Amino acid sequence: MSEPILKIDGEVQHPREMTVEDFAAIDAAFQIPDVSQIDPKRKGVAVTLESVLALVAAKTTAKFLTLHASTDDFHASVPLEAVREQAILIYQFNGEPLPLAAGGPVRFYIRDFAACQADDVDECANVKFLDRIELSVDRGFDNRPTDEESHEELHRRQEGDAS
Ligand SMILES: Nc1nc2c(c(=O)[nH]1)N[C@H]1C(S)=C(S)[C@@H](COP(=O)(O)O)O[C@H]1N2
Ligand SMILES: [Mo]
């Protein structure tokens, strides 16, 4: 069995940690076998957020979803209702865990994201290196850039990392 790659906790009945095998074991009805069909810039296999929320039995009191990437200390908190049906978790590519270069081992992806900073649920909320999903009553920690300058700087830094 491999290491857990994602922890889900907070307003859920069954907090848990998931391995890549746990993702792969989710029913085929909730798997997206080829994410490039949704967005040609993305690749890999995903499951719906909804299917993972069902596994942990999210409480009805859960109103916010906070996405934590401890690797680079990036966090986004979004209203659960706004992403519930849209979000997927990309976890695999070519039979291997999703590579870091693609935002792995787990990448949060909202199918209909708004332009950066245009909305609460924007492209910036597509958190890479996701290692924890926290459900909560109130909005959680969020350090997405709030102005154009810091946003550009973040993108410059990411491009620097990638090269
Ligand atoms: N962990 C982490 N996730 C992140 C970021 C980041 O800096 N760290 N940047 C965000 C921003 S601002 C954007 S616009 C998208 C960009 O995704 P892309 O590089 O795959 O196009 O990732 C988001 N997810
Ligand atoms: Mo962004």
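Hi everyone, let's begin with a pair of strands. Strand 1, residues 6-10, and strand 2, residues 16-18, run antiparallel and are joined by three bridges. Before I go on, please keep in mind that this is a predicted model.

Strands 1 and 2 make a hairpin, and five residues lie between them. If you'd like to find the pairing on your screen, look for L6, whose bridge partner in strand 2 is M18. Then look for K7, which stands opposite E17 of strand 2.

So much for that partner of strand 1. Which way does strand 10 run relative to strand 1, parallel or antiparallel? Strand 10, residues 132-136, runs parallel to strand 1, with four bridges joining the two. Here the residue to click on is I8, which has I133 of strand 10 opposite.

Now let's step back to the whole sheet. The sheet is open and has five strands in the order 2-1-10-5-6, and its pairing is mixed. At the edges sit strand 2 and strand 6, residues 74-79, and each of these pairs on one side only. On average, neighbouring strands in this sheet are turned by 15 degrees against each other, ignoring direction. Helix 2, residues 49-56, packs on the sheet and touches strand 1, strand 2, strand 5 (residues 64-69) and strand 10. The direction of helix 2 makes about 140 degrees with that of strand 2. One general reminder while you look at the strands: in a regular strand, side chains alternate between the two faces of the sheet.

Next, the pockets. The largest pocket has a volume of about 880 Å³. It is lined by 32 residues, and the closest to its centre are D72, R107, K128, F129 and Q158. Which element gives the most to the lining of the largest pocket? That is helix 4, residues 148-162, with 10 residues. For those of you thinking about chemistry, the lining of the largest pocket divides into 14 nonpolar, 12 charged and six polar residues.

One last stop, at a proline. P99 is found in the loop between strand 8, residues 96-97, and strand 9, residues 107-110. Why does P99 count as partly exposed? Because its relative accessibility is 31%, and partly exposed covers the range between 20% and 50%. Leaving aside residues up to four places away in sequence, P99 touches F93 and G104. And F129, from our pocket list, comes back here: P99 and F129 are 30 residues apart in sequence, and their C-alpha atoms are 9.5 Å apart in space.

Thanks for listening, everyone!

Notes:
Residues numbered from 1 in each chain as written. Chains lettered and ligands numbered in written order. Predicted model: local features only at pLDDT ≥ 70, side-chain atom pairs only at ≥ 80, totals over all residues. Heavy atoms only, no water. Pairing = 2+ DSSP bridges. Axes fitted to C-alpha atoms, helices over the stretch in contact; angles between N-to-C directions. Contact = heavy atoms within 4.5 Å. 1 Å grid on protein atoms, 1.4 Å probe; cavity = no way out; pocket = protein on both sides within 12 Å on 5 of 7 lines; lining within 4 Å. Points joined across faces, edges and corners; volume = space filled by probe spheres on them. Nonpolar A, V, L, I, M, F, W, Y, C, P; charged D, E, K, R; others polar. Buried < 20%, exposed > 50% of the residue type's maximum accessible area, 1.4 Å probe, protein only.
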